[in-house]
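Colleague: Please take me through one pocket in detail, and add some background on the chains. I work at the bench, so plain words are welcome.

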Amino acid sequence: MRHLATWAILGLTLTFLIGPFLIIILAGASDTEYLAFPPQGLTLGWYFKVFTVESFRASFVLSMALAVFGTLAALLLGVPAAYALNRYDLPGAETLRTVVAAPIIVPGIIVGLALLRYMVVPTGVTVTAALFMAHTALVLPYAVRVVSSSMNNLRADMEEAAVLLGCTRLQAFLKVVLPNIRGGVLAAFILGFVTSFNQVPVSLFLSGPGVRTLPIDMLAYMEITFDPSVAALSALLAFMSLAIVFAAERLLGFSRYV
Amino acid sequence: MSDAFVKLSGLTLGYGRTVAVPALDLSIREGELIALLGPSGCGKTTTMRAIAGLLDPSDGTIEIDGRDVTRVPANKRGIGLVFQSYALFPHLSAHENVAFGLRLQKLPAEEIRARTEEGLATVGLTGFGKRKPAEMSGGQQQRVALARSLVMRPKVLLLDEPLSNLDARLRLEMRTELQRVQKETGITMVFVTHDQAEALALADRIVLMREGRIEQLGTPADLYARPETAFAAEFMGFENIFRTEGAAVVSDKGRLPLAAVPQSPILAWRPDAVTVGEGPHEGRVAAASFAGAHREYVIDSALGPVKADAAIELPEVPLGGTIRFDLPLATARGLAA
Amino acid sequence: MFRNTREGLALALPAAIFSTLLFLVPVGILLSEAFRGSAGGWSVQGYIDFFSEPLNRTVFLRTLKLGLLVAGTAAVIGYAAAFCIVNLGPKTRGKVFGMVVLPLMISPVARTYAWIVILGRTGIVNEAITGLGLSDTPLRLLFTETAVFLGLLQLFLPLMIISLVSAMENIPRDVIPAARVLGASWIEVFFKVILPLTKEGLVIGGTLVFTGALTAYITPAILGGSKVLMLETLLYQRVNVSNDFVSASVIAMILIVMSFSANLLLKRIATARS
């Protein structure tokens, strides 16, 4: 009896959470010209079509580049910061932490608008550059948090031991700290990548002629056409995210870090 | 052999209000096994870290083998340190841990291999090279940490509480091991401990520290038999320590007469130096426990609790029972005020 | 070795400066915009103007209502689901938990789009209704508050479940059986044992869900359109359609203040109970 109730609750919850995702996969395979569910007939046509839409290709490349390089930049800033906040007794450490974590607290749409109005417009920075910086800032809190938590378990005396054996401080970091937080850094990269790739509100205002991230492009496409290609594309993107997360989980037990 | 192989002069550690060690002078002989002993917060670990170069002194100098190394960075000082936590590199095998420092010196591969094998052999871990730290017991991890420091042939080897993380059996084993390694390599060793039994058993000389200063320095036999202060006496197991006034010992609770007027302002007795079963004084047994060769009593006396060991042949006195005892001047250790 | 403050600051400051310049400063300027009077000097006229417009008031109240509704519903479902999850065997538990987390990794656009398939004119619900002959014409289900509510709930429910699961994992093992043995009914067990012991998880989950629902853009944009505006979509309209940056600044401030006060309020409640 208890068992039945448990599975009824979980079944309903999981259907609500995952069902819609299964529906899109099928909807994307509908052979109608408009969105229909259940599909009358099945075709993979829409799944192939999305690869031929020029704007999707361009915006996919942009989103990919933003996610990869934005996250790398965030790690470049975030790993040293996480290290310093963990190892050193810094004055105003709490403030530093808050400042670095701020991008997570402020709604993305506000950030996008603020950057457009007070950086892109007055300084003439390109929209692409602004997007890159915005995505870096967006990922930074995750980078600091995930890397911090994997550094927590790493005792400082290991580095001291390395130094006493002849390492410089930098060598001690590279040879002792980095190999031991590799999992955390990778997890931060994946989390950052997925966050950045799926991000909408920050990028909403930061778009110009020919410069659109993929999710924004999908929103725009949806407003004009009502064919199942967006469903197909959504399903493909979901598969991509899942593949990355599954690979990460297999390789390094990703979920420990999230 | 130099009498001041390691020489600390006016070594001051910490700043302003948080001075942990004010102006410490200490000379350590070459090949000596020295214990820095004291309760937590006495400055022993801070001093050790300063010798290693992990902590910059605010004043004073550190000389090793006639060379001033006060400003030499830790990675160029040539000093080994075995951490209390061992601080092994978890991503490297035992072999790679031991070879770590040698590889940094860019020695020929063959020499690195040979010295690493030799190092593992010295600590009795031949054949364990491939294991990761997580796959080894605490005792084995500590041996790897020891080997890792030894293969660097350091001028001085520092050990932070080397036995505190081991269980009783391993502790004894490691103690003999450390002594053997020290005799074999002739290396100068300084180890930090809060356990007087460990210091007494292992060290050539003991530096007893208190609040950043040296309270007493001497051989284990010296310290054990002839502590000079109440602090040292307490640390060395003198559990009955009383002030004297004329021909009497006094405490907050009361006084007991002595046979004669003593010369020292403070007298101390170990429990086995207290006479039980006869004597001029009387008390009640507040606690009693059987300890094999003797019986340990806590006697509630006019002075307050007195701890005394009674020979096992003497009849047992039950809790609350009356017991006679004496604090003989002959077995007392006189201390400075 | 790690006492050199200057060294530590050199490592931490680039990130902090980056975050300040790209984040705090522009956002700060944006927030200050509504306080700048037309004649120079400071004023709150922007706020007065904003709230004197009925549409803005409706949108503000709707956003608040939907946020609370989504957070409240998520808490109810979240407790039931989390309680089931922590009582599963270790293997199944990992799998089910994974299935709860997975949606978070999927693009919100994709997740929201699914609701168009479900609720659209030719979607699954309408097909069923017309198929069963309950109605001749398809119902308008999209562009309603219900659609936005469902979309937001689906988007943020995982955050609540995750928070509550980790809170429940920390409940000492035998506490619930002990309460039962002492004669507590399940309802008493929930209110006297489970709730007090998981309130921190509830605070975290509640803040995440409420703030998430307030600041979501995609869901109200796709499922609500211009018929069911929320603060985020209103902000977008004000900027893109009418170039009204004062309103944008006001909305930005409202969103930030609401997020923060939600967090503070929930924290207050959590500490007051104990």
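**A pocket and its setting**

Modeller: Happy to help! Let me begin with chain B, whose domain assignment gives domain 1 (6-234) and domain 2 (239-335). Please keep in mind that this is a predicted model. Taken over C-alpha atoms, the centres of domain 1 and domain 2 of chain B are separated by 40 Å. Contact between these two involves nine residues of domain 1 of chain B and six residues of domain 2 of chain B.

Now to the part you asked about. The second largest pocket holds about 780 Å³ of space. Its lining is made up of 34 residues, and those closest to the centre are A:Leu219, A:Met222 and A:Glu223 from chain A, along with C:Ala221 and C:Ile222 from chain C. Four elements each give two or more residues to this lining: helix H10 (214-224) of chain A, and from chain C helix H5 (108-119), helix H10 (218-224) and helix H11 (231-240). The most comes from H10(A), which gives five residues. As for chemistry, the residues of the lining divide into 20 nonpolar, 10 polar and four charged.

H10(A) deserves a longer look. This helix is mostly covered, with nine of its 11 residues buried. The buried ones are A:Leu214, A:Pro215, A:Ile216, A:Asp217, A:Met218, A:Leu219, A:Ala220, A:Tyr221 and A:Met222. Two of these names, A:Leu219 and A:Met222, appeared above among the residues closest to the centre of the pocket. When you look at a helix like this on screen, one rule is handy: an α-helix has 3.6 residues a turn, so residues three or four places apart point the same way.

Next, the chain that carries H10(A). Chain A has 11 helices and zero strands, so to speak in the plain pattern α-α-α-α-α-α-α-α-α-α-α along the sequence. Its C-alpha trace spans about 70 × 65 × 30 Å along the principal axes. Of the 258 residues in chain A, 60% are buried. Among contacts in chain A between residues at least 6 apart in sequence, 71% join residues at least 24 apart.

Chain C, on the pocket's other side of the list, has 12 helices and zero strands. The C-alpha atoms of chain C fill a box of roughly 75 × 70 × 35 Å along the principal axes, and 51% of its 274 residues are buried. Counting contacts in chain C with a separation of 6 or more, 71% are between residues 24 or more positions apart.

How confident is the predictor about chain C? The mean pLDDT of chain C is 88, and 98% of its residues reach 70 or more. Among the elements of chain C, the lowest mean pLDDT, 83, belongs to helix H6 (residues 124-131), while helix H3 (residues 54-86) has the highest, 94.

One last residue from chain C: C:Ile48 is found in helix H2 (residues 45-52) of chain C. C:Ile48 counts as partly exposed because its relative accessibility is 46%, and that class lies between the buried limit of under 20% and the exposed limit of over 50%. From C:Ile48 to C:Leu102 there are 54 residues in sequence and 44 Å in space, C-alpha to C-alpha.

Definitions and conventions:
Residues are numbered from 1 along each chain as its sequence is written. Chains are lettered from A and ligands numbered from 1 in the order in which they are written. This is a predicted model: local features need pLDDT of at least 70, side-chain atom pairs count only at pLDDT 80 or more; totals for chains, interfaces and linings use all residues. Side-chain values use heavy atoms; hydrogens and water are left out. On a 1 Å grid over the protein atoms alone, a cavity is a set of points where a 1.4 Å probe fits but cannot get out, and a pocket is an open set with protein on both sides within 12 Å along at least five of seven lines; lining residues have an atom within 4 Å of a point. Grid points are joined across faces, edges and corners, and a volume is the space filled by probe spheres set on the points. Ala, Val, Leu, Ile, Met, Phe, Trp, Tyr, Cys and Pro count as nonpolar, Asp, Glu, Lys and Arg as charged, and the others, Gly among them, as polar. pLDDT is the predictor's confidence in each residue, from 0 to 100. Buried means under 20% relative accessible area, exposed over 50%, partly exposed in between (1.4 Å probe, protein chains only). Domain bounds come from an automatic or database domain assignment. Contact means heavy atoms within 4.5 Å.
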